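Colleague: I'm new to this one. Can you walk me through it?
Modeller: Sure, here it is.

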Amino acid sequence: QATRTEPLTIDEVLARIELTHPLLQATGVERMQARAKILKALGAWEPKFNNFTEVDRYQNWNFLSVLHEHTVGYNDSKLNVGHPWGFEVHGGIRNGFGDRLFHNFSGVIPDVNLFYEQQQMIFGGKFKLLRGFMINDEYAELQKAELAGPQAEIAVAQKRQDLYLAGAVQYWDWQVAVKQAEIVKRALAVAEDRLVQVEGLAKGGKVAPLDVIEVNQEVQNRREAAIAAQRKVEYEQYNLALFLWEHGEPVTPRPEWAPEFQGETPLPTKEEVAGYKVEAKEDRPEVRNYYIEAKMNNIDLKLAKNYLLPKFNFEGGRMTTPGDWAVGVGYRMATQFAMPLFQREGRGKVLTAEAEQQQLVLSQLYAEQQVSVDVDNWLSAIVRARDRVKAASEALRLAKTLEEGERTRFNFGATTVLFVNLRERNVVESAYQLYRAQADYAIARGGMLWARGVLSKPWPTESLAKYG
């Protein structure tokens, strides 16, 4: 950048924001958090491998038995697998051991043998048939987590849109500050040249010494204005540096990089404006976020209505206590039915979800109308700024004409230095107004891109490739 000569364009500023700005790069954390939420939600149905061993010691008083004390146990290895729809199954292998005898074999398992009589298959499951079937707290959490990805992209688009607009406005503020400083410095150079001229005339007795003092005062006033303008340039360039990054550090733009303001562009037609409003409702992150929140609310409402159903669960499988299967009782099956009498919890959840739904509908309606108004607002700004540029250009032209005429009159001795200074100040002020109007026109055009949602999208790849 030390040897750079080409001007800094708004295209480069926005491309560098997309490529290197730390705050935009930091939004990648939003995507990581979205993936983390999905992993966390999937943990509710994580396949679980279990292995445990149990040993029981028991006595019997069968007078036909010689051995009255027995040891029996088992080792289970099984895999539990759940499903978002509300059921869970498990299966595995059980190995029995101990001194319980059955047909002269110890540790025999009564049924469903696998490879030998001390080994059997184990299986079972749990099923939710009404409340919790196909929609439950864990599945609702997973569905919301899956929406975290689109929501993260919306957050990234919002940050990009804000950075693009802030960087563009700062770029134009820096540009106008540089151009205004150039006008002030030129006015100062003119005043300094006139001071030398008037001092020479005063030595020859052609002008009064009071005129020398007046010209010198004007020089000091313009020098002070030039210093203030230079400080303004430095202030704006340091602020702009926070949007221009290279190798992890901000790049401070130099005044000679500031280009001239671009000319006028055609105003959009009514059909184009109508299309902009539709585009804004589809692309603006503020509106898109409500679509995601509406989907989340539908999940909450569906879950809340499921809470109005009674519990009806079924479960079954192998017995897990050695004392049960050792005597031949190898299975258990059970159902559970429960229903709150007044359904207060379920009705409360439904009312909460419905209230949030109504709030979202109104908020979404407001956001959609707001982005439409933003389009109209920035269109008005473009029109008024364009009219200001035309008026300011004509005012500057007239001011320069008066300035040249006043200087000619001064050279012929028909006027005083005071009036020449006034004409030159008027030129500087008119140039100030013109540059400010041109900057406002550029900002208005950028604001229209923001209102349409264009700035929420990544900058074109050809520009990124050029400056990447």
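Colleague: Which residue in β6 is the bridge partner of histidine 90?
Modeller: Glycine 124 is the partner of histidine 90 there. Keep in mind that this is a predicted model.

Colleague: How do β3 and β6 run, and over how many bridges?
Modeller: They pair in the antiparallel sense, over 9 bridges. β6 covers residues 119-128. Another pairing between them sets arginine 94 against glutamine 120 of β6.

Colleague: Back to histidine 90. What is its bridge partner besides the one in β6?
Modeller: Asparagine 80 is bridged to histidine 90 of β3. That belongs to the pairing of β2 with β3. β2 is residues 69-83 and β3 is residues 87-98. These strands are antiparallel, with 12 bridges.

Colleague: How many residues sit between the strands in that hairpin?
Modeller: There are 3 residues between β2 and β3. Glycine 86 in this hairpin has a positive phi near 105°.

Colleague: And on from β6, how many bridges join it to β9?
Modeller: 5 bridges, and the two strands run antiparallel. β9 spans residues 311-318. Glycine 125 has glycine 316 in β9 as its bridge partner.

Colleague: Where do the side chains of a regular strand point?
Modeller: In a regular strand they alternate between the two faces of the sheet.

Colleague: You mentioned a positive phi. Which residues other than glycine have one, say in the loop between β7 and β8?
Modeller: Histidine 247 is one, with phi near 55°. Its loop runs between β7 (245-246) and β8.

Colleague: Is histidine 247 buried or exposed?
Modeller: Exposed, since its relative accessibility is 78% and the cut-off is over 50%.

Colleague: What about methionine 134, where is that?
Modeller: Methionine 134 is in the loop between β6 and α4. It has a positive phi of about 70° without being a glycine. Its relative accessibility is 37%, so methionine 134 counts as partly exposed.

Colleague: Salt bridges next. How many are there?
Modeller: The count comes to 33.

Colleague: Give me one. What does glutamate 153 form a salt bridge with?
Modeller: Arginine 31, with the closest N and O atoms 2.8 Å apart. This pair links distant parts of the chain, 122 residues apart. Glutamate 153 is in helix α4, and arginine 31 is in helix α3, residues 28-42.

Colleague: Are those two buried or exposed?
Modeller: In between. Glutamate 153 is partly exposed at 34% relative accessible area. Arginine 31 is partly exposed too, at 31%.

Colleague: And what is the salt-bridge partner of arginine 386?
Modeller: Glutamate 264, with the closest N and O atoms 3.8 Å apart. Arginine 386 is in helix α9 (residues 344-411), while glutamate 264 is in the loop between β8 (249-250) and α6 (270-283), so the bridge ties together parts 122 residues apart in sequence.

Colleague: Why does arginine 386 count as buried?
Modeller: Because its relative accessibility is 17%, and buried means under 20%. Glutamate 264 is partly exposed, at 45%.

Colleague: Which arginine does glutamate 424 form a salt bridge with?
Modeller: Arginine 407, and their closest N and O atoms are 3.0 Å apart. Glutamate 424 is in helix α10 (residues 417-452) and arginine 407 is in helix α9, 17 residues apart. Glutamate 424 is buried at 2% relative accessible area. Arginine 407 is partly exposed at 22%.

Colleague: Which residues are linked with those two in a network of salt bridges?
Modeller: Arg194, Glu218, Arg222, Glu403, Glu404 and Arg425 are linked with Arg407 and Glu424.

Colleague: Over to surface charge. Which residues form the negative patch?
Modeller: Asp137, Glu138, Glu141 and Glu345.

Colleague: Which helix gives the most to that patch?
Modeller: Helix α4, residues 137-203, with 3 residues. Glutamate 141 is in this helix.

Colleague: Last one. Where does proline 253 lie?
Modeller: In the loop between β8 and α6. Proline 253 is buried, with a relative accessible area of 1%.

Colleague: How far apart are proline 253 and lysine 40?
Modeller: They are 213 residues apart in sequence. In space, their C-alpha atoms are 46 Å apart.

Methods:
Residues are numbered from 1 along each chain as its sequence is written. This is a predicted model: local features need pLDDT of at least 70, side-chain atom pairs count only at pLDDT 80 or more; totals for chains, interfaces and linings use all residues. Side-chain values use heavy atoms; hydrogens and water are left out. Patches are made of residues with over 30% relative accessible area and no salt bridge: like charges are joined within 9 Å, nonpolar side chains (Val, Leu, Ile, Met, Phe, Trp, Tyr) within 5 Å. Accessible areas come from the Shrake-Rupley method with a 1.4 Å probe; for residues, only the protein chains shown count as cover. A salt bridge is a side-chain nitrogen of Lys or Arg within 4 Å of a carboxyl oxygen of Asp or Glu. Lys and Arg count as positive and Asp and Glu as negative; His and the chain ends are not counted. The place of a charge is taken as NZ of Lys, CZ of Arg, CG of Asp or CD of Glu. Helices (H or I, at least four residues) and strands (E, at least two) are DSSP runs, numbered from the N terminus. Buried means under 20% relative accessible area, exposed over 50%, partly exposed in between (1.4 Å probe, protein chains only). Two strands pair if DSSP finds at least two bridges between them.
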